[in-house]
Amino acid sequence: MSFDPLQERGIPLDEQLRGWRELNVTPIDPDAADPYTRCRIITMNGIEVEAVMFSHHLARHCADLEVERQLARVRYIEAQQQKAVNWLLPGSSSVLETTIAYEQVAVDLTAWVARMEPDPYLKQAYQFGVLEDFDHLYRYANLYEMIERRKAEKIVDQLTEVMPGRPTYQHHRDPIDNVRRPYERRETEPLSRLHALTIMAAEQQTMNFYMNVGPTYMEPIARQLYQEIGLIEEEHVTHYESLVDPGESWWEMLLNHEYNECYLYHSFMETESEPKVRAIWELHLMMELEHLRLAAELFKRFDGRDPDQVLAPALPPPVTFEPNKGYLRDLLTTQVDVITLGTGYVREAHERFTRMQEAIMGGEQPPSERVIEHNRAINGREYRLETEGPHPVGVRLTP
Ligand SMILES: [Fe+2]
Ligand SMILES: [Fe+2]
Ligand SMILES: [Fe+2]
Ligand SMILES: [Fe+2]
């Protein structure tokens with residue numbers, strides 16, 4: 001059944017405020033919950049953080065007091081949604097366990113988006129990026145075994161494989177080569193806009209997380225690995241945000257943000273296995289329908305256009321968390337050695353890439369390689385979770 005968020009009625013803004021009792025959500029059971037429920041929570045937290053930050057940036061450019069007040073009212077509700085969503089995570093996980101869950105989100109969400117993306121240039125951007133977060137998962141899983149003496153399958157279950165992707169040391173590019181070419185806003189499929197916003201928000205949340213939690217570890221190798229991967233998440237945010245057409249007006253961007261929130265809450269409502277969490281997705285969808293209606297009014301008023309001109313007539317099929325093992329193995333076979341050059345992709349190390357590599361490595365092994373060696377030294381082998389047989393390409397690990 002098709003669902004057109006522009007035609008549905010939500011909860012009036014005046015009735016969206018929640019008190020402490022309602023914001024005090026019951027967290028998921030860390031031992032019993034589906035790992036993909038945790039992935040949906042992390043994704044929606046990233047989306048709500050982006051909603052709040054985007055609205056702040058918009059407000060700083062807004063000279064109309066009444067509009068600024070309306071933005072503040074909606075933004076306060078987004079901030080409450082962010083609290084309700086992120087507080088579904090139980091406090092029992094370590095920073096490293098949450099990190100592994102973040103990289104699982106990056107892997108299975110980006111792989112899904114890559115599979116569904118209709119535009120070949122955008123699809124390539126997701127295929128390129130996913131092999132890097134796939135490798136981060138493997139590096140952090142080895143750190144986890146080393147310092148917490150536990151295995152990452154406790155977190156990812158058997159849903160996502162843990163093994164080398166494109167080796168992390170090869171992710172350090174000249175920043176110039178992280179900037180992609182944007183889609184054309186007048187020609188692009190509506191689904192492509194939603195994909196770009198979703199992955200941008202997810203990567204931004206990962207970047208912010210590593211910025212802040214990296215120095216909370218005392219072990220030198222942990223501190224160093226968070227620095228290294230934290231810098232790559234900066235590259236990933238640059239990579240994905242540059243896909244969005246910068247010619248969109250502020251009101252068009254606001255409309256896309258609210259529409260994407262509707263899309264994702266609707267997707268997760270349809271696919272959620274945990275009833276209490278599903279109830280939150282449903283409640284928040286009803287709130288977002290009203291945010292969308294208000295954004296559509298601003299769009300009509302300031303851009304003088306009809307929202308139907310930029311939005312899809314109905315929601316696309318739901319964003320689904322599911323294993324992508326075969327897809328990722330195919331990408332490993334075909335794209336593990338790809339690097340970026342300008343806004344395109346090549347297979348040979350070019351001068352700018354090599355210069356960046358030399359400058360940042362300083363002739364030493366990076367933390368992402370040392371963490372594997374340390375873990376081999378302690379446990380006699382590195383940590384991998386290869387549920388579908390041996391690694392398809394046998395990646396060499398030392399630069
Ligand atoms: Fe929201
Ligand atoms: Fe990552
Ligand atoms: Fe990333
Ligand atoms: Fe919203």
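The largest pocket in this predicted model has a volume of about 570 Å³. Of the 25 residues that line that pocket, P30, R38, P90, S92 and S93 are the closest to its centre. There is also a second largest pocket, with about 360 Å³ of space, and a pair of iron ions that lie 3.3 Å apart and are bridged by E78. Salt bridges add to the picture, and the structure holds 31 of them.

**The largest pocket**

- Three helices each supply at least two residues of the lining: α2 (35-60), α4 (95-116) and α6 (153-156).
- The most comes from α4, which gives four residues to the lining of this pocket.
- If you are thinking about the chemistry of the lining, the residues divide into eleven nonpolar, five polar and nine charged.

**The second largest pocket**

- Here 17 residues form the lining, and E50, F54, M200, M253 and H257 lie nearest the centre of the pocket.
- Two or more lining residues come from each of α2, α7 (190-213), α8 (220-241) and α9 (250-271).
- By class, the lining of the second largest pocket holds nine nonpolar, four polar and four charged residues.

**The iron ion written as ligand 4**

- The iron ion (ligand 4) is coordinated by E78 through two OE atoms, by one OE atom each of E258, E261 and E288, and by ND1 of H291, at 2.0 to 2.8 Å.
- The site of this ion is irregular, with angles of 51 to 177° among its six donor atoms.
- Along the sequence, the donor residues of the iron ion (ligand 4) are spaced E-x179-E-x2-E-x26-E-x2-H.
- The distance from the iron ion (ligand 4) to the iron ion (ligand 1) is 3.3 Å, and E78 coordinates both.
- E78 sits in helix α3 (residues 65-86) and E288 in helix α10 (residues 275-303), so this pair ties together parts that are 210 residues apart in sequence.
- E78 counts as buried because its relative accessibility is 2%, and E288 counts as buried at 0%.

**The iron ion written as ligand 1**

- The iron ion (ligand 1) is coordinated by two OE atoms of E48, by OE1 of Q81, and by one OE atom each of E78, E261 and E288, at 1.9 to 2.3 Å.
- The six donor atoms of the iron ion (ligand 1) make angles of 58 to 173°, and the site is irregular.
- The donors of the iron ion (ligand 1) follow the spacing E-x29-E-x2-Q-x179-E-x26-E along the chain.
- E48 in helix α2 and E78 in helix α3 are a pair that links distant parts of the chain, 30 residues apart.
- E48 is buried, because its relative accessible area is 0%.

**Salt bridges between distant parts of the chain**

- R150 forms a salt bridge with E97, and their closest N and O atoms are 3.4 Å apart.
- R150 is in the loop between α5 (120-148) and α6, while E97 is in helix α4, and the pair links parts of the chain 53 residues apart.
- In this pair R150 is partly exposed, with a relative accessible area of 41%, whereas E97 counts as buried at 7% relative accessibility.
- R115 forms a salt bridge with E322, with 2.9 Å between the closest N and O atoms.
- R115 lies in helix α4 and E322 in the loop between α10 and α11 (325-335), so this pair ties together parts that are 207 residues apart in sequence.
- R115 is partly exposed, with a relative accessible area of 29%, and E322 counts as partly exposed at 26% relative accessibility.
- R352 forms a salt bridge with D177, the closest N and O atoms being 2.6 Å apart.
- R352 belongs to helix α12 (residues 351-361) and D177 to the loop between α6 and α7, and the two are 175 residues apart in the chain.
- R352 counts as partly exposed at 25% relative accessibility, whereas D177 counts as buried at 1%.

**A network of salt bridges**

- R193, E248, E252, D303 and R305 are linked to one another in a network of salt bridges.

Terms used
Residues numbered from 1 in each chain as written. Chains lettered and ligands numbered in written order. Predicted model: local features only at pLDDT ≥ 70, side-chain atom pairs only at ≥ 80, totals over all residues. Heavy atoms only, no water. 1 Å grid on protein atoms, 1.4 Å probe; cavity = no way out; pocket = protein on both sides within 12 Å on 5 of 7 lines; lining within 4 Å. Points joined across faces, edges and corners; volume = space filled by probe spheres on them. Nonpolar A, V, L, I, M, F, W, Y, C, P; charged D, E, K, R; others polar. Donors = N, O, S within 2.8 Å, 3.2 Å for Na, K, Ca; no water. Tetrahedral: all angles 85-135°; square planar, octahedral: opposite > 155°, others 65-115°. Buried < 20%, exposed > 50% of the residue type's maximum accessible area, 1.4 Å probe, protein only. Salt bridge = Lys/Arg side-chain N within 4 Å of Asp/Glu carboxyl O.
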